[in-house]
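Good morning, and thank you for making time on the agenda. I would like to take you through one model, beginning with its charged pairs and then turning to its strands and its enclosed space.

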Amino acid sequence: MRIEKVNCWVLRLPFSYPLMPESPVLVDFVEIEAAGGLQGHAMSAYPLRWAIKEFITREVAPAIVGMDVFRTEEVREKMFWQLSNKYFAATWSCAASLIDIALWDIKGKALNQPVWKLLGGAHERLPVYITFGLGTYTQEQLIEVAKILIADGQNSLKMVVGASAKPVDDIYGKPTDADILNDIRRVRALREAIGPDVELMIDANKNCTYVQALRIAKGVESCDLTWFEDPVLLADPRAMAHLRRQTTIPLAAGSTGTSDLINFREYLIQEAVDYAQPNVRDIGGYTNGVKAAALAQAFGVPLSMGGNWPHINMHLHGGVANGGRVEFH
């Protein structure tokens with residue numbers, strides 16, 4: 001079965017958080033059509049959405065049309081050697097991930113099987129957690145939304161730390177020392193409000209310096225956190241390994257922005273994480289996602305999803321033996 005057409009559009013996806021006005025998200029939406037009319041799809045949001053769209057329609061499509069849908073390794077190799085020219089992060093890795101996901105979607109339709117079964121079928125059901133705690137919520141709103149979710153039956157929650165006073169997309173920004181002190185107060189207040197029986201995680205989204213991350217960790221160690229995710233700038237594995245030796249809070253990383261197995265490998269070699277979080281929207285789709293899961297398994301590090309987009313990532317976690325929690329926003 002051969003690839004006949006490849007298209008990519010930037011679409012507006014309606015989206016809103018509790019107590020917040022609707023704020024549509026721009027997403028890259030890929031469609032691959034194979035011989036016989038079968039179509040595979042993939043969708044995710046990225047900062048470089050227009051560059052990804054142009055790259056896929058102008059360069060990827062001509063390179064892979066005519067290739068075998070089932071030979072996803074060959075498609076990735078063709079893209080790498082013909083189109084990356086050493087620049088295999090950012091636009092290239094995001095585009096390659098979407099292409100791979102869409103090809104696996106076609107495989108599943110052709111074989112009448114969900115992708116998680118094709119990846120190994122380890123888990124029919126998975127635990128979930130909810131990322132809800134935006135930096136733009138006031139402390140009172142943060143507690144109110146948490147209580148709404150708990151009343152709805154959720155018992156595993158994650159909140160944002162380490163963003164600036166005026167964050168981008170509610171979670172990104174360069175934090176000040178005042179922001180860090182406010183984060184500590186917010187985490188403590190939320191833990192007190194929800195009690196000890198609800199699981200709580202925090203995520204700095206790679207915003208903090210090492211010193212800021214250490215200050216947060218020391219300030220909230222008494223809050224019984226499940227993990228501190230992406231605590232330092234660029235998720236630097238060396239800095240994270242040092243931080244891990246300074247705190248009792250487990251660390252998690254490897255989600256958005258981890259563009260290849262080489263980057264992902266460093267979290268494990270440096271002993272920087274307690275939870276590994278490969279996200280198929282960045283790491284190379286399912287083809288590389290299962291390799292990342294195998295790497296983590298070899299090091300005895302459990303998987304847990306980070307970086308959002310559960311509709312594509314749940315298949316990876318359902319497929320592999322060490323699959324873990326799935327993140328919903």
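A salt bridge, as I use the term today, is a side-chain nitrogen of Lys or Arg within 4 Å of a carboxyl oxygen of Asp or Glu. By that criterion the structure, which is a predicted model, holds 14 salt bridges.

Let me begin with Asp203 and Lys158. Their closest N and O atoms are 3.4 Å apart. Asp203 belongs to strand β6, residues 199-203, and Lys158 to strand β5, residues 156-160, so this salt bridge ties together parts that are 45 residues apart in sequence. Are these two residues buried or exposed? Asp203 counts as buried because its relative accessibility is 6%, under the 20% limit. Lys158, at 0%, is buried as well. The pair also belongs to a network of salt bridges that links Lys158, Asp203, Glu229 and Glu327.

A second pair is that of Arg244 and Asp274, whose side chains meet at 2.9 Å, N to O. Arg244 lies in helix α8, residues 237-244, while Asp274 sits in the loop between α9 and β9; the salt bridge therefore ties together parts that are 30 residues apart in sequence. Here both partners are partly exposed: Arg244 has a relative accessible area of 28%, and Asp274 one of 22%.

A third salt bridge joins the side chains of Glu54 and Lys53, at 3.1 Å from N to O. Glu54 is partly exposed, with a relative accessible area of 29%.

I turn now to the strands. Seven of them form an open sheet with parallel pairing, in the order β9-β8-β7-β6-β5-β4-β10. At the edges stand β9, residues 275-276, and β10, residues 326-328, each of which pairs on one side only. Within the sheet, β7 (residues 228-229) and β8 (residues 251-253) run parallel and are joined by two bridges. Phe228 stands opposite Leu251 in β8.

Finally, the enclosed space. How many cavities of 30 Å³ or more does the structure hold? There is one, and the volume of the largest cavity is about 40 Å³. Its lining comprises Thr72, Val75, Arg76, Met79, Ala96, Ile99, Asp100, Leu103 and Gly284. Helices α2 (72-84) and α3 (91-111) each supply at least two of the lining residues. By class, the lining has five nonpolar, two polar and two charged residues.

Thank you; I am glad to take questions.

How values were computed. Residues numbered from 1 in each chain as written. Predicted model: local features only at pLDDT ≥ 70, side-chain atom pairs only at ≥ 80, totals over all residues. Heavy atoms only, no water. 1 Å grid on protein atoms, 1.4 Å probe; cavity = no way out; pocket = protein on both sides within 12 Å on 5 of 7 lines; lining within 4 Å. Points joined across faces, edges and corners; volume = space filled by probe spheres on them. Helix = DSSP H or I, 4+ residues; strand = E, 2+ residues; numbered from the N terminus. Nonpolar A, V, L, I, M, F, W, Y, C, P; charged D, E, K, R; others polar. Pairing = 2+ DSSP bridges. Buried < 20%, exposed > 50% of the residue type's maximum accessible area, 1.4 Å probe, protein only.
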